[in-house]
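Trainee: I'd like a close look at one part of this model rather than a quick tour of everything. Could you pick a stretch and walk me through it, with enough of the surroundings to place it?

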Amino acid sequence: MDVPAALGSHARPSADQPGAGQRVGVLAVQGAFDAHRRVLGRLGAEVVEVRRPEDVDHLDALVLPGGESTTISKMLEFNGLFEPLGAALRGGLRALGTCAGMIVLAGAILDGRADQRCLGALDIDVRRNAFGRQRDSFETDLDIAGIGPEPFPAVFIRAPVVARVGPGVEVLARLPDDHGAGAGEPVLCRAGHVLVAAFHPELSEDDRLHRLLLAEI
Ligand code: GLN
């Protein structure tokens, strides 16, 4: 049967569908992966839920969602995913980690559990639950370098911050100077093909970071 050129493996990226023709994994062992799946699907990507080592094969990009990083770490261990994910990331797989996903991609977790592992995909140290109970969850507009002048409505939920940024890591956004706790701290960083956000871009109506994953990094 003939398949129209706009469908299937011949799909071409366009402004509306920058994900067309791309196979994008969403780590689905725990946490908020469904909202990412929907955004990526809307942008034309073929979305694969990643739960087992073989799911990592042949991906063009990967999203590591928010959730609970200690549980995600345990599940990665349990499902034998640390090695294949580490190898794919070292091999240049584009990745977007959000909130707990940022913690899992980090080089070091300052206050993780003793047995909590991370992938070391970029040279940052992160501090979990950095905003304490009072500001457990909040929304704030961020100026993000390289995605246009419109502020990005960023939703933070028991969010980490980036406590140290190593050489070769670019800070794309910081909390506003008038933010109070955490003012000026980096909350969006990029090292080559790896992008990490302390917030949840999948919960805003704004898909510019998912577009960045699909188009540029
Ligand atoms: N506090 C969580 C953790 O340490 C992250 C919260 C989130 O992903 N929304 O993993």
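Mentor: Gladly, and let's begin with how far to trust what you see. This is a predicted model, and its mean pLDDT is 92, with 93% of the residues of the protein chain reaching 70 or more. One stretch to set aside is residues 1-6, where pLDDT stays under 50 and the model has three contacts beyond four places in sequence.

Now the frame around our part. The protein chain holds five helices and twelve strands. Its radius of gyration is 17 Å, close to the 17 Å that the globule rule gives for 217 residues, so the chain is as compact as a globular protein of that length. Along the principal axes, the C-alpha atoms fill a box of roughly 60 × 40 × 30 Å. Of the 217 residues, 42% count as buried. If you take the contacts between residues at least 6 apart in sequence, 65% of them join residues at least 24 apart.

The part I would pick is strand E8, residues 152-157, because its side chains alternate: Phe-152, Ala-154 and Phe-156 point to one face and are buried, while Pro-153, Val-155 and Ile-157 point to the other and are not. That is the pattern to expect, because side chains in a regular strand alternate between the two faces of the sheet. What does E8 pair with? Six bridges join E8 to strand E7, residues 137-142, and the two run antiparallel. To find your place in that pairing, look at Ala-154 of E8, which has Thr-140 standing opposite.

Let's stop at Pro-153, which is found in strand E8. Pro-153 has 15 C-beta neighbours inside 10 Å, so it counts as partly exposed; the count for a buried residue would have to be 20 or more. Beyond its neighbours within four places in sequence, Pro-153 is in contact with Glu-139, Asp-141, Ser-204 and Asp-206. A further link to trace is the one to His-200: the C-alpha atoms of Pro-153 and His-200 are 9.6 Å apart, with their positions 47 residues apart in sequence.

Just past the strand comes Arg-158, in the loop between E8 and strand E9 (161-165). Arg-158 is not a glycine, yet its phi is positive, about 40 degrees. Most residues other than glycine have a negative phi. With 17 other C-beta atoms within 10 Å, Arg-158 is partly exposed. You can compare it with His-58, a residue other than glycine whose phi is also positive, near 60 degrees. His-58 sits in the loop between E2 and E3, and with 10 C-beta neighbours inside 10 Å it counts as exposed.

From E8 you can step across to Glu-202, whose C-alpha atom is 9.0 Å from that of Val-155, although the two are 47 residues apart along the chain. Glu-202 lies in the loop between strand E12 (194-197) and helix H5 (208-215). Is Glu-202 buried or exposed? It has 27 C-beta neighbours inside 10 Å, so it counts as buried. Leaving aside neighbours within four places in sequence, its contacts are Ala-32, Ala-35, His-36, Val-39 and Thr-98.

Those contacts lead us towards the sheet. Seven strands form an open sheet in the order E2-E1-E3-E4-E12-E11-E10, with mixed pairing. Strand E2 (46-50) and strand E10 (170-174) stand at the edges with a single partner strand each, so one side of each has no neighbour in the sheet. On average, neighbouring strands in this sheet are turned by 20 degrees against each other, direction ignored. Helix H1, residues 33-42, packs on the sheet and touches strand E1 (23-27), E2 and strand E3 (61-64); the direction of H1 makes about 165 degrees with that of E1. At the E10 edge, four bridges join E10 to strand E11 (residues 186-191), which run antiparallel, and Ala-173 stands opposite Leu-188 in E11.

So, back on screen, start at E8 and its alternating side chains, follow the antiparallel pairing to E7, then cross from Val-155 to Glu-202.

Terms used. Residues numbered from 1 in each chain as written. Predicted model: local features only at pLDDT ≥ 70, side-chain atom pairs only at ≥ 80, totals over all residues. Pairing = 2+ DSSP bridges. Axes fitted to C-alpha atoms, helices over the stretch in contact; angles between N-to-C directions. Contact = placed C-beta atoms within 7 Å. Buried ≥ 20, exposed ≤ 12 C-beta atoms within 10 Å, placed from the backbone. Rg over C-alpha atoms; globule rule 2.2 N^0.38 Å. pLDDT = per-residue confidence, 0-100.
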